[in-house]
Amino acid sequence: PPEYCYWEDPTWLQNALDTARVHTQASVVDILADRLPMAYSCVRAYNACRPTDIEDYYKDGFLPADPKALNGLAERYFLRPPRITREFLDRAIQVAKEARRGGYIFFALDDRILTTFSSHYLTYGSEYLADIAHELQRLTGENCPAFLKTIGIPTVFVCDLPIENTMSSVRALSGRLVECLFEEYIRPQGEAPAIDFTLSISVTFPPSVIVSHYHPEIRERDVE
């Protein structure tokens, strides 16, 4: 490939071949996506959070974000008339709903990302609540995000997720892995590169997926 050029979205080529009715073999990404579940039973992934009680995770496992329950927490945490009224809170909740974070659990493929570029999970905890807090700060001037920093303890859970429960992300993951391998081939780094990839999961995971947990030191990064 040309120097400094190591990635291109080949969708245009596949579309052209489909239009011309030219049959091609599956792409390397499709082949890898098909073979990963044959070779691996689990995906090692990491969840960052700020639990008030670690044992809740070892008892209940990982549950998709429940907007109704989180809205109740937001009311308890932030509703402070006359500075923060119900109207302001409802507007902030609407912003969080539009971000479509409810109903999912997010896991990272590389925990180094969670302690550097995406440390907001360790800084504020729930991304849904962080969205509400930052919108309330914009609307009222009250430093609601600072309150979230006082709740719980920064924690990263190390998990082995059954690969059959991550199939919706496997093809995208395969593409990211191929891209990383190509980058390493063109420009060797001499060490394993950090992979910024998120698994968005909408099912409940039992406590048995937890391998361990730790409490990292974090570098704060404000959520935009």
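Let me start with a network of salt bridges, which in this predicted model links E75, R86 and D90. Within that network, the side chains of R86 and E75 meet at 3.0 Å, N to O, and the pair links distant parts of the chain, with R86 in helix α5 and E75 in helix α4, residues 67–78, 11 residues apart. R86 has a relative accessible area of 37% and is therefore partly exposed, and E75, at 35%, also counts as partly exposed.

The structure holds 10 salt bridges, and I would like to show you two others. The side chains of R83 and E142 meet in a salt bridge at 3.0 Å, N to O; because R83 lies in the loop between α4 and α5 and E142 in the loop between α8 and α9, this pair ties together parts that are 59 residues apart in sequence. The side chains of D131 and R101 meet in a salt bridge at 2.5 Å, N to O, and this pair joins helix α8, where D131 sits, to the loop between α5 and β2, where R101 sits, 30 residues apart. Here D131 is buried, with a relative accessible area of 12%, whereas R101, at 22%, counts as partly exposed.

Which residues does A96 touch, leaving aside those up to four places away in sequence? They are R101, Y128, D131 and I132, so both partners of the salt bridge between D131 and R101 are among the contacts of A96. A96 itself lies in helix α5, residues 86–98, and at 0% relative accessibility it counts as buried.

Finally, on the surface, D53, E55, D56 and D60 gather in a patch of negative charge, and D60 is placed in helix α3, residues 55–60.

Key:
Residues numbered from 1 in each chain as written. Predicted model: local features only at pLDDT ≥ 70, side-chain atom pairs only at ≥ 80, totals over all residues. Heavy atoms only, no water. Patch = residues over 30% accessible without salt bridge, like charges linked within 9 Å, V, L, I, M, F, W, Y side chains within 5 Å. Areas by Shrake-Rupley, 256 points an atom, 1.4 Å probe, with all protein chains shown as cover. Salt bridge = Lys/Arg side-chain N within 4 Å of Asp/Glu carboxyl O. Lys, Arg positive; Asp, Glu negative; His and termini not counted. Charge placed at Lys NZ, Arg CZ, Asp CG, Glu CD. Helix = DSSP H or I, 4+ residues; strand = E, 2+ residues; numbered from the N terminus. Buried < 20%, exposed > 50% of the residue type's maximum accessible area, 1.4 Å probe, protein only. Contact = heavy atoms within 4.5 Å.
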